[in-house]
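Here is a short report on a single protein chain. It starts with salt bridges and moves on to strands, surface and core.

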Amino acid sequence: MARRTTRPARRIPGAPPERVPWAHDSTWAGDARSAAACSLLLLGLLLALDAAVGRLTVWRALLWLGLGVLLFAVLTPPRVAARDRTLVSRGPLRVRSVRLDQLVAVRRSDGISPRLALRDAAGGEVVLDPEVLVVNPELWHLVSDGARASVACGSLLCGATALRRLSERIDRDTAEGVFRASGLE
């Protein structure tokens, strides 16, 4: 059997370097659909209740529509993506980004809604749910590589413990998934 060898693609002199594709949060679309369903359900219930009572007017319908849109904006999670050494979080109102190789602080807040805050040397800050990194290995590897680069250059002043704990959790969840898939629970 002949062995296939692959050659790296030849680069054209003077051509711009190839860009690494974006790694996206794979659960965002489902979360956005859930937010839309909840807001549409609330809107439908409010309109039906007003219509049943006989108090539905154009202004009240617009008020309920505004409330449904507001609920959708609150429930829709930010879309997280990463490429090269940049992590970007796109929310409904603004886009935040952080350079992963220039991190100066990583803070984790636990509670009802755990959050991971990443801050870089230029003042950029991204706050995200750590579960996004747990369920998206591509994103986690980019964040982990960037954090290692920050530690190596000495810019990461605090937060190595939070990243280590998150790494341990991701490794534990991955091992449990492998054992479950192989029937070795």
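The count comes to seven salt bridges, a salt bridge being a side-chain nitrogen of Lys or Arg within 4 Å of a carboxyl oxygen of Asp or Glu. The model is predicted, so local features need pLDDT of at least 70, side-chain atom pairs count only at pLDDT 80 or more, and totals for chains, interfaces and linings use all residues. Residues are numbered from 1 along each chain as its sequence is written, and side-chain values use heavy atoms, with hydrogens and water left out.

**Salt bridges**

Side chains of opposite charge can pair when their charged atoms come close. Three of the pairs are tabulated here.

| Pair | N to O distance |
|---|---|
| Arg99 and Asp101 | 2.8 Å |
| Arg108 and Asp110 | 2.7 Å |
| Arg169 and Asp173 | 3.7 Å |

Exposure classes follow relative accessible area: buried is under 20%, exposed is over 50%, and partly exposed lies in between (1.4 Å probe, protein chains only). Arg99 is partly exposed at 34%. Arg108 is partly exposed too, at 33%. Its partner Asp110 has 60% relative accessibility and therefore counts as exposed.

Arg169 and Asp173 both sit in helix H5 (residues 160–182). They are four residues apart, about one turn of the helix. Arg169 has a relative accessible area of 24%, so it is partly exposed. Asp173, at 27%, is also partly exposed. Glu131 joins these two in a network of salt bridges.

**Overall fold**

The protein has five helices and seven strands. Helices (H or I, at least four residues) and strands (E, at least two) are DSSP runs, numbered from the N terminus. In order from the N terminus, the elements run β-α-α-β-β-β-β-β-β-α-α-α. Buried residues account for 27% of the 185 residues. Contact means heavy atoms within 4.5 Å. Of the contacts between residues at least 6 apart in sequence, 54% join residues at least 24 apart.

**Strand pairs**

Two strands pair if DSSP finds at least two bridges between them. Strands S3 (residues 86–90) and S4 (residues 95–99) run antiparallel and are joined by five bridges. A hairpin of four residues connects S3 to S4. Arg99 in S4 stands opposite Thr86.

Strand S6 (residues 115–120) runs antiparallel to S7, with four bridges between them. Ala117 stands opposite Val127 in S7. The hairpin of S6 and S7 has four residues between the strands, and there Gly123 takes a positive phi near 95°.

In a regular strand the side chains alternate between the two faces of the sheet. Strand S7 (residues 125–128) shows this alternation. Val126 and Leu128 point to one face and are buried. Glu125 and Val127 point to the other and are not buried.

**Surface**

The accessible surface comes to about 12,700 Å², with 60% belonging to carbon and sulfur atoms. Areas come from the Shrake-Rupley method with a 1.4 Å probe; for residues, only the protein chains shown count as cover. Val58, Trp59, Leu62, Leu65 and Val69 make a nonpolar surface patch of about 570 Å². Patches are made of residues with over 30% relative accessible area and no salt bridge: like charges are joined within 9 Å, nonpolar side chains (Val, Leu, Ile, Met, Phe, Trp, Tyr) within 5 Å. Val69 lies in helix H2 (residues 58–75). Why does Val69 count as exposed? Its relative accessibility is 53%.

**A buried loop residue**

Asn136 is found in the loop between helix H3 (130–135) and helix H4 (137–153). It has a relative accessible area of 1%, so it is buried. Leaving aside neighbours within four places in sequence, Asn136 is in contact with His24, Asp25 and Ser26.
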